[in-house]
Amino acid sequence: DKGLRSGKLGEQCEAAVRFPRLFQKYPFPILINSAFLKLAEFFRVGNNFLRLCILKMTQQSEKHLEKILNVDEFVKKIFSVIHSNDPVARAITLRMLGSMASIIPERKNAHHSIRQSLDSHDNVEVEAAIFAAANFSAQSKDFAGGICNKISEMIQGLATPVDLKLKLIPILQHMHHDANLASSARQLLQQLVTSYPSTKMVIVTLHTFTLLAASSLVDIPKQIELLLQYMKNDPREAVKRLAIQDLKLLAKKTPHTWSNENIEALCECALQTPYDSLKLG
């Protein structure tokens, strides 16, 4: 408390980063609630470096967020910074909101701000909005359903740079809350994997495909076949390696969904691959 009230930025930041250790030692809701409310106030009035320290500290103490008793007051102080004219301050606030998604999954004002920031002309703010969108999509069915079309438009948009598309695609792994949403995300991923054959794009898209299938469960047999197809037909070592890793993930998750044909195809691919490192694992 003394460190935070100090007029020196260095002492304030040092005090902020000590909180995770304090929470581990004394994990009491009254202490944690009081500390987070104080930190939220300093987040509201402080500069961006102090905000960044508070963000890192919040991410390290994520498991203690559920012990905050005055959630509305805490969120109100943090959220006030989203109206700043400084895009860096808005970006840090978006990352802060994303890190708090587990305790505020249905906050409509947070949902609205994330959608707005995805259209920002500032790259730092857009990347922060992508981080927040991924976290909220994992927690909220309503948010995932509402943002899916927006993410699809951005990924398919010609104006969206490829490096930004690579950051947007993993959000689709969270579109598993209902069958229609999962089906829409799967169709988009299918289009992407054929439209963008570059190694990075194929790897990110295939892995997102796998994580979506692993969460929605019903599409796992289709995903096993798709990965085996890439393992057999794609000549690139990096793509084959990703296919093997994802097949291993699905084998651990649902071994009963593998047919004899799948296992035979995997053994055949392993024997025929020209890369010794893949044969050995």
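What follows is a walk through the fold, the largest pocket, a surface patch and the salt bridges of a predicted model.

The overall picture comes down to helices: the protein chain has 17 of them and 0 strands. Its C-alpha atoms fit in a box of roughly 65 × 45 × 35 Å, taken along the principal axes. The chain runs to 281 residues, and 46% of these count as buried.

Two residues give a feel for how parts of the chain sit relative to each other. Gln12 belongs to helix 2, which covers residues 9–17. Despite its polar side chain, Gln12 is buried, because its relative accessible area is 13% and the cut-off for buried is under 20%. Along the chain, Gln12 and Ile54 are 42 residues apart, yet their C-alpha atoms are separated by 9.9 Å. Val193 is found in helix 12 (residues 179–195), and it too is buried, with a relative accessibility of 4%. From Val193 to Ile203 is a step of 10 residues in sequence and 8.9 Å in space, C-alpha to C-alpha.

Next comes the pocket. The largest one has a volume of about 230 Å³. Its lining is made up of 13 residues, and those nearest the centre are Leu118, Ser120, Met154, Thr160 and Leu164. Helix 9 (123–139) and helix 10 (141–156) are the elements that each supply two or more residues to this lining. By character, the lining residues split into 6 nonpolar, 5 polar and 2 charged.

On the outside, a nonpolar patch is formed by Leu9, Phe49 and Leu52, which together have about 250 Å² of accessible area. Phe49 sits in helix 5, residues 48–60. With a relative accessible area of 48%, Phe49 is partly exposed; that is enough for a patch residue, because the cut-off there is over 30%.

Turning to charge pairs, side chains of opposite charge can pair when their charged atoms come close. The whole structure holds 13 salt bridges. In one of them, Glu73 pairs with Lys77, with 3.6 Å between the closest N and O atoms. Both residues are in helix 6 (residues 71–79), and because they are 4 residues apart there, about one helical turn separates them. The two partners differ in how covered they are: Glu73 is partly exposed at 37% relative accessibility, whereas Lys77 is buried at 19%.

A similar spacing turns up in helix 15 (residues 237–253), where Glu237 and Arg241 are 4 residues apart and so about one helical turn from each other. Their side chains meet in a salt bridge at 3.2 Å, N to O. Glu237 is partly exposed, with 29% relative accessibility, and Arg241 is partly exposed as well, at 30%. Salt bridges with shared partners also tie Glu41, Arg44, Glu73 and Lys77 into one network, so the Glu73–Lys77 pair described above belongs to this network.

Another salt bridge joins the side chains of Lys108 and Glu106, at 4.0 Å from N to O. Glu106 counts as partly exposed, its relative accessibility being 39%.

Conventions:
Residues numbered from 1 in each chain as written. Predicted model: local features only at pLDDT ≥ 70, side-chain atom pairs only at ≥ 80, totals over all residues. Heavy atoms only, no water. Patch = residues over 30% accessible without salt bridge, like charges linked within 9 Å, V, L, I, M, F, W, Y side chains within 5 Å. Areas by Shrake-Rupley, 256 points an atom, 1.4 Å probe, with all protein chains shown as cover. Buried < 20%, exposed > 50% of the residue type's maximum accessible area, 1.4 Å probe, protein only. 1 Å grid on protein atoms, 1.4 Å probe; cavity = no way out; pocket = protein on both sides within 12 Å on 5 of 7 lines; lining within 4 Å. Points joined across faces, edges and corners; volume = space filled by probe spheres on them.
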